[in-house]
Each structure stands twice: as structure tokens, then as C-alpha cells.
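Open the model in your viewer and keep the sequence panel visible. This tour goes from one selection to the next and says what is found at each stop.

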Amino acid sequence: MDLKALVFSFFNLEIAWEYLPDILKGMMVTIELGFVVAITGLFVGMALSVLRALQIKPLNFFIICFADIMRALPPLVVIMMLFFAFPYIQISMSAFTATWLALSLVLAAFVEEICWAGIVSVPKGQSEAARSTGLSWLQSMLYVVLPQAVRLTVAPLTNRVIAITKSTALGSVVGLSEVLNNSQSAMSNSGNATPLMLGAIGCLVIFIPVVLLGRWTETRFRWKQ
């Protein structure tokens, strides 16, 4: 009798079929948001690490402050500030934009610190040798130093990207129609936990391939022993 109640409450096929379209729509939003957050965060973070390598003290001060503050703040606080506080200074944005911007900034801060550690770990002679061949400072950084730095830091970079992309669920706080928010709404409307189980399955479908890709990336780009 208890098993039947469990199946009815968590694995009700009738309710699952009714709310499946909503869950699928939420999954698409989660995939889209996770993709743009990963691309934006990686690009901005790497760009900041290259700018930091210029060793311009005022610029480095702002980059370090940005990285420290964004790494210390919980992503949820950043999302809520962008969505609820910025309208008071006449800057309004959608739930998707606020979540994308907040998570991208947090990811960029971590990527900058990780890539900077990688840049520092590359022997100085590498960039000097590149410069001696006629490459400019920027060319030697982009073609010689940064590829080695990224390769050295691929494991922490991959783990951080995975962690941040899973934080897309925080967008539900500002009403973003991602998979978790849609699952919770469907659960409330149906009075049944089956939609939440669908949402959990949707998250597995989305993020298990991401985790496997991260594992493959770490193996593919690790240094040969």
C-alpha cells in the first residue's frame, strides 16, 4: 500500500505526461542559459587575466577587486541585486538577462584567477623566446603563454564552469522559467511531486553530458607524464 502511494505521489504517469511540455520548455531555457553563461564567463575571465598580465597597477587593482568581490558574493545575491535593485537606478532587465549577467560575472571572476595562476606558472623564458622570434607582446601571450596556462588549469576551469552552469536554477528566484522553476510550479498546481521528479530527470539529462565532457576534457588536455 505504501509503495502504491509512493508511485502515485512521485511517479504518476498521468501527471507526468500532462506537465512534460512545461518541463521540456524549462530544460531548453536551462540549456540556453548555461551555454551563454559558460561562453561569456570564460571569454571575460581570460580577457581579464591577459589584461592583468600587462602589469598596469591601477588596472590590476580594479581587476583584483572585481575578482575578490565577485568570488566572495553568493551568486543568488548578485542575481537579486541586478533584478530588484537596478530598476531603482533606471536599469531594468529580464529574469534571463539578470541571471545570465550575474552568473557570467561570477564565473569570469573565478576564471580570471585560475587563468592568472596558470599564466604565472608558465616559465618567463617562454614569452621571452616568443618575443625573440618577432612576435608582439599580445601575440606571444595569445599564441604561446595563454594556451599553456589554460592547459595547466583545465581541471579547475572545467569544474568551475560545471558548478556555475548548475547554478542556473537560482534564476527561479526572479521568476525565470527554467527547469526547476517550471517543475516547482507544476508541483504546486498538481499537488503532486511527480513534476519535481521530472525536473530532476531533466537536470540529469542536461548535466551528466556536461560532466562527462568535463572529464574527457581533463583527460584530453592533461600533461603527459
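The stops below cover salt bridges, nonpolar cores, a surface patch and two loop residues in a predicted model.

**Stop 1: the salt bridges around R52**

Start with a count: how many salt bridges does a search of the whole structure find? The search finds 4. Select R52 and E112 and show their side chains. They meet in a salt bridge, with N and O 3.1 Å apart. Color the two helices involved: E112 belongs to helix α5, residues 95-121, and R52 belongs to helix α2, residues 13-52. In the sequence the two residues are 60 positions apart, so this pair links distant parts of the chain.

Now add E113 to the selection. The side chain of R52 also forms a salt bridge with E113, at 2.8 Å from N to O. R52 lies in helix α2 and E113 in helix α5, so this pair ties together parts that are 61 residues apart in sequence.

Is R52 buried or exposed? Its relative accessible area is 10%, under the 20% limit, so R52 counts as buried. E112 is buried as well.

**Stop 2: a salt bridge within one helix**

Select D68 and R71. Their closest N and O atoms are 2.9 Å apart, and the two residues form a salt bridge. Here both partners lie in helix α3, residues 57-72. They are 3 residues apart, which is about one turn of the helix. D68 is partly exposed, with a relative accessible area of 37%. R71 also counts as partly exposed, at 33% relative accessibility. Keep these two selected and add R52, E112 and E113: salt bridges that share partners join the five residues into one network.

**Stop 3: the nonpolar cores**

Hide the charged side chains and select V37, V78, L82, V106, L107 and I164. These residues have the most contacts inside the largest nonpolar core, which has 25 residues. Which elements give two or more residues to this core? They are α2, α3, α4 (75-85), α5 and α8 (154-166). The most comes from α5, which gives 11 residues.

Zoom in on L82. Leaving out residues up to four places away in sequence, L82 touches P87, M93, A98, L101 and A102.

Then select A53, W116, I119 and L146. These are included in a second, separate core of 9 residues. As background, nonpolar side chains tend to be buried together in soluble globular proteins.

**Stop 4: a nonpolar patch on the surface**

Turn on the surface and select L3, L6, V7, F10 and F11. Together they form a nonpolar patch on the surface, with about 460 Å² of accessible area. Pick out F10, which lies in helix α1, residues 2-10. F10 is partly exposed, with a relative accessible area of 33%.

**Stop 5: two loop residues**

Return to the backbone and select Q55, in the loop between α2 and α3. Q55 has a positive phi of about 60 degrees although it is not a glycine.

Last, select Q90, in the loop between α4 and α5. What is the phi of Q90? It is near 65 degrees, a positive value in a residue other than glycine. Is Q90 buried or exposed? At 70% relative accessibility Q90 is over the 50% limit, so it counts as exposed.

Conventions
Residues are numbered from 1 along each chain as its sequence is written. This is a predicted model: local features need pLDDT of at least 70, side-chain atom pairs count only at pLDDT 80 or more; totals for chains, interfaces and linings use all residues. Side-chain values use heavy atoms; hydrogens and water are left out. Helices (H or I, at least four residues) and strands (E, at least two) are DSSP runs, numbered from the N terminus. Buried means under 20% relative accessible area, exposed over 50%, partly exposed in between (1.4 Å probe, protein chains only). A nonpolar core is a set of buried Ala, Val, Leu, Ile, Met, Phe, Trp, Tyr and Cys residues joined through side-chain atoms within 4.5 Å. Contact means heavy atoms within 4.5 Å. Patches are made of residues with over 30% relative accessible area and no salt bridge: like charges are joined within 9 Å, nonpolar side chains (Val, Leu, Ile, Met, Phe, Trp, Tyr) within 5 Å. Accessible areas come from the Shrake-Rupley method with a 1.4 Å probe; for residues, only the protein chains shown count as cover.
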